[in-house]
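Thanks for coming. I will go through one structure today, starting with the ligand shell and then moving outward. Please have the sequence and the model open.

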Amino acid sequence: MNHFKMNIKNNILETIGNTPLIKINRITQSLPCQVLAKVDYFNPGNSIKDRMALKMVEVAEKEGKLKPGGTIIECTSGNTGMGLALAGIIKGYKCIFTTTDKQSKEKVDILKAVGAEVIVCPTNVEPEDPKSYYSVAKRLSQEIPNSFLANQYDNLANRLAHYESTGPEIWEQTDGKITHLVCTAGTGGTITGTAMYLKEKNPNIKIWAIDVFGSLLTKYFKTGEIDMKEVHPYISEGFGEDFVPQNYDMSVIDHFEQVTDKDGATMARRIAKEEGLFCGYSAGSCLQGLMQLKDSLTKGDMVVCIFHDHGSRYVGKIYNDQWMMERGFLEVKTFRDIVSTRPAKQKLISIQKDQLVSEAVDLMRKYEIEHIPVLEANAPIGSISENGLFQKMFSNPDLRNSKIESVLEKAYPVIDFNTPVEKITNLISRETGAVLAKDESGSYHILTKYDILHSLTH
Ligand SMILES: Cc1ncc(COP(=O)(O)O)c(C=O)c1O
């Protein structure tokens, strides 16, 4: 007899929820307690927002706001759109999303891939501005017949989804032992819904909201004031707000903590490298926020951090070294840094093409160097290497009285003074013994394989 029970999902929507709770093992070693991550990129749309997207659709259907063949309209930074698009595909609705030009291009393309129409609107305009992504979504919902504006900010089906699924899952997975919930806050749906359920079960559970500098939520929580002076553009994605959405119930939240763009991004990269969890920006900010609050934790606490989405949506951003460097988020050693460790008076040793080979040999001996650039009118035209000279002089000892131009090798590549060491390493090879760069005063400096090795070990 066959004892196996078939386990088949009727469609992708049935795979939403029941995500794993995974221990953070390394980054939180200095904390006195266990830290667990509710890793919601395991949802089919790769984010926690699948839960609330489906719920908003189900509630709208029940309330008669969404009828067969209708159109779902939403302003979304991507994740909610993905969830709505999946629901739309299975349930037969068209989707139109408005988003901002701050969002990763990947997020927009992903939404298009699942059949949605996406309208990109400017970021730095007031919500009331007719060009804002809020206004455009609202206008479309008035113009398009049989359409439904999901409005994740004020639609309470958002927090209801987390009250009904995220909260109970965390309670059961921790066997009721959770003491702290840490969660980034945007629409407020995740934190409020999850907290409402958990506080009903145990009012002593602490709920810590993580916000970003540039959002007004933290000041609002602390003072009740909507202070637009708090608002400024920020780079973090998915959380923080410039208004207070109706999904918030601040009475279930115990603390708001702000995190910088840089710290959130850096921590996301650490989570990927050190824990093997390839998460989005807000997961980094979430764990960073917890680390900022670590002195409030004691032995025996059990902390649950919510990691909202997957890192694949940020490959062109926080997981791109160049992007990180341009924003000053990644401290890397550059050509300039290595040169700045040399004595101020140290000048580039160079030679002219009509000098003698013997002079090059003397310079190599005197300064203990293996590579000499050949300059003409302060521009590199070639080079001399100890290796190259050795080969040539061995077969022709008289070469010492010849001119440098007769033994000229390839000129060294000239690169930017701020080139990161990692890139320079790729340039130096058997054939190219060194690289050159000009400082602001127009003087050339040289870096050899030895300089790079020395800088990596000091
Ligand atoms: C990546 C990411 N992190 C955090 C949040 C914040 O969650 P909530 O809107 O439920 O407050 C969102 C919401 O869009 C998100 O997409």
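The shell around the ligand takes at least three residues from domain 1 (12–46 + 156–326) and at least three from domain 2 (51–149). Before going further, note that this is a predicted model. The domain assignment also gives a domain 3, covering 335–457. Between the centres of domain 2 and domain 3, taken over C-alpha atoms, the separation is 59 Å.

Back to the ligand. There are 19 residues around it, and those that come nearest are Gly186, Thr187, Thr190, Gly238 and Ser282. By class, the shell has 14 polar residues, three nonpolar and two charged. Which helices supply at least two residues each to this shell? They are helix 2 (79–91) and helix 6 (189–201). Helix 6 gives the largest share, with three residues.

So let us look at helix 6. It has 13 residues, which at 1.5 Å a residue should span 18 Å, and the C-alpha atoms at its ends are indeed 18 Å apart, so the two values agree. Is helix 6 largely enclosed or largely open? Of its 13 residues, 10 are buried, so helix 6 is largely enclosed by the rest of the structure. Thr190, among the residues nearest the ligand, is one of those buried in helix 6. Others on that list include Gly189, Ile191, Tyr197, Leu198 and Lys199. The cover over the buried residues includes helix 1 (49–62) and helix 5 (157–173), along with strand 7 (180–184), strand 8 (206–212) and strand 10 (302–307).

Now to another part of the chain. Three strands make an open sheet, ordered 13-14-15, with mixed pairing. Strand 13 (414–415) and strand 15 (444–448) are at the edges with a single partner strand each, so each has one side without a neighbour in the sheet. Strand 14 (residues 434–438) and strand 15 run antiparallel and are joined by five bridges. One residue pair to look at there is Lys438 and its bridge partner in strand 15, Tyr444.

Last, Tyr450, which sits in helix 15 (residues 449–457). Is Tyr450 buried, exposed or partly exposed? It has 15 other C-beta atoms within 10 Å. The cut-offs are 20 or more for buried and 12 or fewer for exposed, so Tyr450 counts as partly exposed. From Tyr450 to Thr184 there are 266 residues in sequence, and the distance in space is 46 Å, C-alpha to C-alpha.

That is the end of the tour; I will take questions.

Definitions and conventions: Residues numbered from 1 in each chain as written. Predicted model: local features only at pLDDT ≥ 70, side-chain atom pairs only at ≥ 80, totals over all residues. Domains from an automatic or database assignment. Near = placed C-beta within 6 Å. Helix = DSSP H or I, 4+ residues; strand = E, 2+ residues; numbered from the N terminus. Nonpolar A, V, L, I, M, F, W, Y, C, P; charged D, E, K, R; others polar. Pairing = 2+ DSSP bridges. Expected span 1.5 Å × (residues − 1). Contact = placed C-beta atoms within 7 Å.
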